[in-house]
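Student: I would like to learn how to read a protein model step by step. Could you take me through one, giving the general idea before the case itself?

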Amino acid sequence: MKKIFVLIIVLAVGFTSCKKTAIDIETATTNNNGSAVATNLNNDLLLKLVNEKRAAGCNCGATIMPPVAVLTWNNLLAAAALAHSKDMNANNYFDHNSQNGKNPGDRITAAGYKWTAYGENIAAGQPTEQIVFDAWINSEGHCKNIMNANFKEMGAAKDGKYWTQEFGRQ
């Protein structure tokens, strides 16, 4: 009887430890002051999709893009992406330039990222990382950002229906 009771407790603990938590869905990152920022997306999955395409090379419209080095995730770029997605969501607009005239470079700098090169992709309405990635890779300009060999790091975030992906090189 004791063995069955112990087995039931072990199985119950095992099942509860497999349960997904909010952190699995909304991956946390930190901004330039060290506080947590929820990107509202699966950082690892989006970075994996980008890096698989960069490693393989692809055609961006009529432009052949050879394989390039993979990117690393950067929390400062993710914080800049989140700020822009939140701004677009709160103010119901869709543009690389915010309504106060700030461009991606301004936002990335404000997040604390010291860039020598940057790029930005935005999207609206896609429900998953795979679908937003597919939309970006099928758009010549967005695809060229993903495949740009000058970029070494990436961060991204989503708020509401708005996605922002920031690229940079320090």
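Tutor: The turns below go from the whole protein to its strands, an aromatic pair, a helix and a few single residues.

Student: What should I know about the model before I start, and how many helices and strands does the protein have?

Tutor: Keep in mind that this is a predicted model. The protein has seven helices and eight strands, and of its 170 residues 39% count as buried. The accessible surface comes to about 9200 Å², and 58% of that belongs to carbon and sulfur atoms. If you take the contacts between residues at least 6 apart in sequence, 65% of them join residues at least 24 apart.

Student: How do I read a strand, and which strands are joined to S8 by bridges?

Tutor: The general idea is that in a regular strand the side chains alternate between the two faces of the sheet. Turning to the case, strand S6, residues 117-124, is joined to S8 by eight bridges, and the two run antiparallel; within this pairing, Ala-124 has Tyr-162 of S8 as its bridge partner. Strand S7 is also antiparallel to S8, with seven bridges between them, and here Gly-155 stands opposite Glu-166 of S8. S7 and S8 form a hairpin in which two residues lie between the strands, and Gly-160 in the turn has a positive phi of about 60°.

Student: Is S8 enclosed or open, and why?

Tutor: Seven of its eight residues are buried, so S8 is largely enclosed by the rest of the structure.

Student: How is a pair of aromatic rings described, and how many such pairs are there in the whole structure?

Tutor: A pair of aromatic rings is described by two quantities, the distance of the centres and the angle of the planes. A search of the whole structure finds three aromatic pairs. One of them joins Phe-151 and Phe-167, whose centres are 5.5 Å apart and whose planes make an angle of 15°, and this pair is stacked. The pair links distant parts of the chain, for Phe-151 sits in the loop between helix H7 and strand S7, while Phe-167 belongs to strand S8, 16 residues apart.

Student: Are these two rings' residues buried or exposed?

Tutor: Phe-151 is buried, with a relative accessible area of 3%, and Phe-167 is buried too, with a value of 0%.

Student: Which residues does Met-154 contact, if I leave aside its neighbours in sequence?

Tutor: Met-154 is found in strand S7 and counts as buried, at 0% relative accessibility. Leaving aside neighbours within four places in sequence, Met-154 is in contact with several residues, including Leu-46, Val-50, Trp-73, Leu-77 and Phe-167. Its C-alpha atom is separated by 9.1 Å from that of Leu-76, although these two residues are 78 residues apart along the chain.

Student: How can I check the span of a helix, taking H4 as the example?

Tutor: Each residue should add 1.5 Å, so the 17 residues of helix H4, residues 75-91, should span 24 Å, and the C-alpha atoms at its ends are indeed 24 Å apart, which agrees. At the start of H4, a side-chain oxygen of Asn-74 reaches to within 2.8 Å of the backbone nitrogen of Leu-76. Among the buried residues of H4 are Leu-77, Ala-81, His-84 and Met-88.

Student: Where does Asn-92 lie, and what is its phi?

Tutor: Asn-92 is found in the loop between H4 and helix H5, just after H4, and its phi is near 50°, a positive value in a residue other than glycine. At 61% relative accessibility, Asn-92 counts as exposed. Asn-40 also has a positive phi, near 65°, and lies in the loop between strand S2 and helix H3, where Asn-40 is partly exposed with a relative accessible area of 25%.

Student: Is Ser-98 buried or exposed, and what does it touch?

Tutor: Ser-98 is found in the loop between H4 and H5 and is buried, with a relative accessible area of 9%. A polar contact of 2.4 Å joins its side chain to that of Asn-100. Not counting residues up to four places away in sequence, Ser-98 touches His-84, Asp-87, Tyr-93 and Arg-107.

Methods:
Residues are numbered from 1 along each chain as its sequence is written. This is a predicted model: local features need pLDDT of at least 70, side-chain atom pairs count only at pLDDT 80 or more; totals for chains, interfaces and linings use all residues. Side-chain values use heavy atoms; hydrogens and water are left out. Rings of Phe, Tyr and Trp (its six-membered ring) pair if their centres lie within 6.5 Å; planes under 30 degrees apart count as stacked, over 60 as edge-to-face and the rest as tilted. Helices (H or I, at least four residues) and strands (E, at least two) are DSSP runs, numbered from the N terminus. Buried means under 20% relative accessible area, exposed over 50%, partly exposed in between (1.4 Å probe, protein chains only). Two strands pair if DSSP finds at least two bridges between them. The expected span of a helix is 1.5 Å times one less than its number of residues. A polar contact is a pair of N or O atoms within 3.5 Å; within protein, one must be able to donate a hydrogen and the other to accept it, and residues adjacent in sequence count only if both atoms are side-chain atoms. Contact means heavy atoms within 4.5 Å. Accessible areas come from the Shrake-Rupley method with a 1.4 Å probe; for residues, only the protein chains shown count as cover.
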